[in-house]
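This report follows one residue and its contacts, and then turns to a neighbouring stretch of the chain.

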Amino acid sequence: MLAWLADAIQFLGRTAWPIVDLLIRLWLGKMAFVASVLIATDRATAVSMAPGMYPVPIAMLVPGSLLAYCYGIAAVALILGLGTRIGALVLLAFTVSSQIQVSSNDLNLFWIALLAISVFTGADRFSLDRLLSRGLRSSPLPQSARTIAALDATRPFFGDLYLLLLRLAMSITLLLAGRHVSSSMTLAHDAAVWLPVDTAALLFGGVSFALALFVGLGLMTRVAALLAITLTGYQTMMVVEQGLSSYWVALLALLVAKGPGTFSVDGQLLAALRRRMPELSRKPAFDVESLPHVVIVGAGFGGIACARALEHAP
């Protein structure tokens, strides 16, 4: 049972997350590209449509042509997975600017959360970045191999850090949405500006405390996220507009595919089990070095028979 669970977790990390990552990049990239076209052709229309579709920063201070070019280039980078961190960082800066100086709304917050994973870890397998990195590891270009090695080495830590921050933000959001933290508190009021409390209150209501507990601790995170996705789908059909609920589904799907990370109860339990039971990581449950080594000299009938007899030996 534990071996099956470990295989399922590894499968989600290897297979499901690259697909979820691609879908999120295509989704945000498409909307950013639409924004670039609208800004270039009719800025007034682009600004009026922005609150329901995409963030537009400092509407009157940035020249329309420059803003359109930046949006367009960043959108293409995100879609192709080429220079993903830079493209995501540009869109993230625009979104934060929009949240602070233009309009404080939940849409900006969801964009910040979804773009941040690309800034922290870059694009996954289905991207030109990963394809090019294979060649750059052996490229004669100065520092290219070291740069790729440094990015690969730091990706797990930054990925775990992002997941920790995401889980804490979601947990606080759910507590505020369920009124388990008094909104009259100054800290809670300030935090609510940077958390999608309104949509969380509509979607999760009475179960917000339980979800906040499991997600915040990183305990049974994938199960809790799957249940939250199911609840989101039901509430969307009955009560909530589909636009913002789809962002919740994207964030929860991210947790299902990628897991809660190392800095969680789930992560620590899995690490402890793998230390005690190496077979969960496809390692032998015994010390291979202490076993005798058999060398067969000759390939006659005796040697072949001996090799066949030892075929399944460790």
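In this predicted model, Thr95 lies in helix H4, which covers residues 84–102. Because buried means under 20% relative accessible area, Thr95, with a relative accessibility of 0%, counts as buried. When neighbours within four places in sequence are left aside, the residues in contact with Thr95 are Pro55, Asn108, Trp111, Ile112 and Leu115. One of these, Leu115, is 20 residues away from Thr95 along the chain, and the C-alpha atoms of the two are separated by 9.4 Å.

Helix H5 comprises the 16 residues 106–121, for which a rise of 1.5 Å a residue predicts a span of 22 Å; the end C-alpha atoms are 24 Å apart, so the expected and modelled values agree. Of the 16 residues of H5, 14 are buried, and the helix is therefore largely enclosed by the rest of the structure.

At the N-terminal end of H5, Asn105 acts as a cap, with a side-chain oxygen placed 3.1 Å from the backbone nitrogen of Leu107. Just after H5, Gly122 takes a positive phi of about 75°.

The distances between named atoms are set out below.

| Atoms | Distance |
|---|---|
| C-alpha of Thr95 and C-alpha of Leu115 | 9.4 Å |
| Side-chain oxygen of Asn105 and backbone nitrogen of Leu107 | 3.1 Å |
| End C-alpha atoms of H5 | 24 Å |

Key. Residues numbered from 1 in each chain as written. Predicted model: local features only at pLDDT ≥ 70, side-chain atom pairs only at ≥ 80, totals over all residues. Heavy atoms only, no water. Helix = DSSP H or I, 4+ residues; strand = E, 2+ residues; numbered from the N terminus. Buried < 20%, exposed > 50% of the residue type's maximum accessible area, 1.4 Å probe, protein only. Contact = heavy atoms within 4.5 Å. Expected span 1.5 Å × (residues − 1). Polar contact = N/O pair within 3.5 Å; in protein donor to acceptor, adjacent residues only side chain to side chain.
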